[in-house]
Amino acid sequence: MEKRPLISIITPTYNHEKYLADCIDSVLKQSYAEWEMIVLNDGSTDRTAEIAAAYQDTDSRIKVVNQENIGIFRLSETYNKGVGMATGSYIAILEGDDCWAPQKLEMQVAEMQKDPEAVICWSMARCVNADKSVVYYSAPDMDAPDAGFYNNDPAGSIMNIFLYRNCIPALTILIRKAALLKIGGFKQVFNLPLVDLPTLYELALAGRFIFIPETLGDWRNYATQVTKTYPAVMTEGFYKMAKLFLKGHPAAASLTVDVKEIDRYYAGRMVIAFARSGRYKLIRKEYSSARKDYVKAISGYGMAEPVWKLRAVVGWIFSLFHLDVEGLSGILGKRSYTEK
């Protein structure tokens with residue numbers, strides 16, 4: 001019987017004292033035991049380092065690295081530090097506020113061993129609130145019209161999705177380390193506070209993916225997440241990535257989109273991004289800054305997304321009078337992002 005390969009789990013974390021124990025416990029509960037977990041603490045100012053150290057003391061598979069804070073705009077440095085330490089054949093991603101289902105690693109390794117040409121394996125995940133008492137939705141959508149691209153077969157075809165959005169929950173990704181090293185490790189471009197989509201752009205051209213249509217983890221979504229500070233920056237970065245890719249691959253046989261279509265799509269996404277940014281700032285009581293974002297959503301990008309522009313008008317009024325937008329969301333039966 002073939003020896004079970006080692007998986008190196010990379011866990012960047014910053015001020016995750018509320019969630020890190022849940023994250024690490026979900027790794028300890030894995031039915032697949034051949035793993036090492038590299039916890040990269042980016043200068044947390046809460047009890048994150050203390051919690052991580054306690055787990056390291058009880059399980060030799062857990063390794064903790066404490067570094068001075070360099071932030072999410074240098075996240076690729078943190079990730080690639082973990083890659084440099086990794087001794088496994090596979091790299092898994094699990095940030096400090098996310099968690100896995102117990103069978104996650106076992107199912108994915110089995111699939112990857114069946115197909116040596118596949119570069120990553122991924123699955124569905126649930127988007128939940130801070131205390132996991134509410135499930136907002138599961139991703140990806142199995143009924144989406146572009147679901148046929150989920151396995152990236154032929155290689156590059158999933159770019160028909162990536163040019164618009166990232167359908168892959170980062171916490172579900174298992175990467176063949178050789179493929180990751182071949183592209184030079186994790187990528188970070190256009191001032192994006194993330195590494196998953198830029199890295200997936202390059203891996204999409206490197207080989208097929210394996211999609212498992214089962215829910216294998218939870219990721220938390222709450223207004224005080226660091227990335228919630230930058231929805232417009234992220235959307236603009238995605239737009240620049242898409243334009244650059246189309247410029248470099250104008251005749252890709254597997255692509256069904258063009259530059260004009262991308263331009264129209266991202267005009268709408270920018271309206272939504274600024275409206276959402278305003279909402280997150282309202283939750284954080286950053287009223288003046290929220291108004292600025294709402295004005296950008298209202299006045300910019302032509303007639304794109306009129307419903308979201310109307311939402312932005314309502315948000316602007318709420319920010320002016322310091323009203324509770326989440327209370328209104330509750331009355332209307334809409335999703336709330338207030339942290340619990």
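1. Let's start with how helix 8 packs in this predicted model. The buried residues of helix 8 pack against three other helices: helix 5 (159-162), helix 7 (196-204) and helix 9 (259-283). If you want to find them on screen, the buried residues are Pro-231, Ala-232, Met-234, Thr-235, Gly-237, Met-241, Ala-242, Phe-245 and Leu-246.

2. A word on the pattern in that list. An α-helix has 3.6 residues a turn, so residues three or four places apart point the same way. Among the buried residues of helix 8 you will find Met-234, Gly-237, Met-241 and Phe-245.

3. The length of helix 8 holds up too. With 18 residues (231-248) at 1.5 Å a residue, helix 8 should span 26 Å, and its end C-alpha atoms are indeed 26 Å apart, so the two values agree.

4. What about disulfides? A search of the whole structure finds zero. Take Cys-121: its closest cysteine sulfur is in Cys-167, 13 Å away, which is too far for a bond; a disulfide needs the sulfur atoms within 2.5 Å. Seen from Cys-167, the closest cysteine sulfur is that of Cys-121, again at 13 Å.

5. Are these two cysteines buried or exposed? Cys-121 counts as buried because its relative accessibility is 0%. Cys-167 is also buried, at 6% relative accessibility.

6. Finally, a look at the strands. Strand 2 (residues 35-42) runs parallel to strand 3 (residues 62-67), and the two pair over six bridges. One of the bridge partners is easy to look up: Met-37 is matched with Ile-62 in strand 3. Together with helix 2 (residues 48-58), these strands form a right-handed β-α-β unit.

Conventions
Residues are numbered from 1 along each chain as its sequence is written. This is a predicted model: local features need pLDDT of at least 70, side-chain atom pairs count only at pLDDT 80 or more; totals for chains, interfaces and linings use all residues. Side-chain values use heavy atoms; hydrogens and water are left out. Helices (H or I, at least four residues) and strands (E, at least two) are DSSP runs, numbered from the N terminus. The expected span of a helix is 1.5 Å times one less than its number of residues. Buried means under 20% relative accessible area, exposed over 50%, partly exposed in between (1.4 Å probe, protein chains only). Contact means heavy atoms within 4.5 Å. Two strands pair if DSSP finds at least two bridges between them. A crossover is right-handed if, with the strands pointing away from the viewer, the path from the first strand over the helix to the second runs clockwise.
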